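Dear colleague,

I am handing over the structure we spoke of, so that you have it to hand while reading. Please look it over before going on to the notes below.

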Amino acid sequence: MSHQPGKCKCFACENGIEALEKLEQDCIKKYGWYAHLIVNDPKCPYNTNLHTHNLMEKFGHKDLQICLNIAPQVGHSIFVTIIDHIKKGKKFEAGKEYDE
């Protein structure tokens, strides 16, 4: 999908890049992090790239990424759960399985 106001339905195209940047900064101030979804990303499995920003700066943890074809709300809920554990000092590593 190309980003073209009026054709693309992403937040940036519908509201402007300045509004997106303000939303991101507001999320960082309020929560310490934000997530966004890139659809049709040919570099990722299922062309899906849902990822976080600012975890290292705020919590000393690498950012997270989900490349599954799931609803964005489900992916965000997974991030919230994992970040709650990170806030309590848990560290997660790529390629390792976790029971929680």
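What follows is an account of the pockets, the aromatic rings, the cysteines and one asparagine.

Please keep in mind throughout that this is a predicted model.

I begin with the pockets. The largest pocket holds about 810 Å³ of space, and among the 30 residues that line it, those closest to its centre are Leu20, Ala35, His36, Leu37 and Ile38. Two or more residues of this lining are given by each of helix H1 (11–15), helix H2 (17–31), strand S1 (34–39) and helix H4 (72–87), and H4 gives the most, with seven residues. Sorted by class, the lining of the largest pocket consists of 20 nonpolar, five polar and five charged residues.

The second largest pocket has a volume of about 420 Å³, and of the 15 residues that line it, Leu64, Gln65, Phe92, Glu93 and Ala94 are the closest to its centre. Strand S3 (65–66) and H4 are the elements that give two or more residues to this second lining, with the largest share, three residues, coming from H4. Here the classes divide into eight nonpolar, three polar and four charged residues.

Phe92, one of the residues closest to the centre of the second largest pocket, also takes part in an aromatic pair. The count of such pairs comes to one: the ring centres of Phe92 and Tyr98 are 4.8 Å apart and the planes stand at 70°, so the arrangement is edge-to-face, an angle over 60 degrees being what that class requires. The two partners fall into separate accessibility classes, since Phe92, at 19% relative accessibility, is under the 20% cut-off and therefore counts as buried, whereas Tyr98, at 26%, counts as partly exposed.

As for the cysteines, a search of the whole structure finds zero disulfides. Cys13 is in no disulfide, and the nearest cysteine sulfur, that of Cys10, lies 3.7 Å away, where a disulfide would need the two sulfur atoms within 2.5 Å. Cys13 is buried, with a relative accessible area of 14%, while Cys10 is partly exposed at 22%.

Finally, where does Asn54 sit? This residue is found in the loop between strand S2 (48–53) and helix H3 (55–59), and its relative accessibility of 18% makes it count as buried. Leaving aside residues up to four places away in sequence, Asn54 touches Ile28, Gly32, Trp33 and Asp63.

With kind regards

Terms used
Residues are numbered from 1 along each chain as its sequence is written. This is a predicted model: local features need pLDDT of at least 70, side-chain atom pairs count only at pLDDT 80 or more; totals for chains, interfaces and linings use all residues. Side-chain values use heavy atoms; hydrogens and water are left out. Rings of Phe, Tyr and Trp (its six-membered ring) pair if their centres lie within 6.5 Å; planes under 30 degrees apart count as stacked, over 60 as edge-to-face and the rest as tilted. Buried means under 20% relative accessible area, exposed over 50%, partly exposed in between (1.4 Å probe, protein chains only). Helices (H or I, at least four residues) and strands (E, at least two) are DSSP runs, numbered from the N terminus. Contact means heavy atoms within 4.5 Å. On a 1 Å grid over the protein atoms alone, a cavity is a set of points where a 1.4 Å probe fits but cannot get out, and a pocket is an open set with protein on both sides within 12 Å along at least five of seven lines; lining residues have an atom within 4 Å of a point. Grid points are joined across faces, edges and corners, and a volume is the space filled by probe spheres set on the points. Ala, Val, Leu, Ile, Met, Phe, Trp, Tyr, Cys and Pro count as nonpolar, Asp, Glu, Lys and Arg as charged, and the others, Gly among them, as polar.
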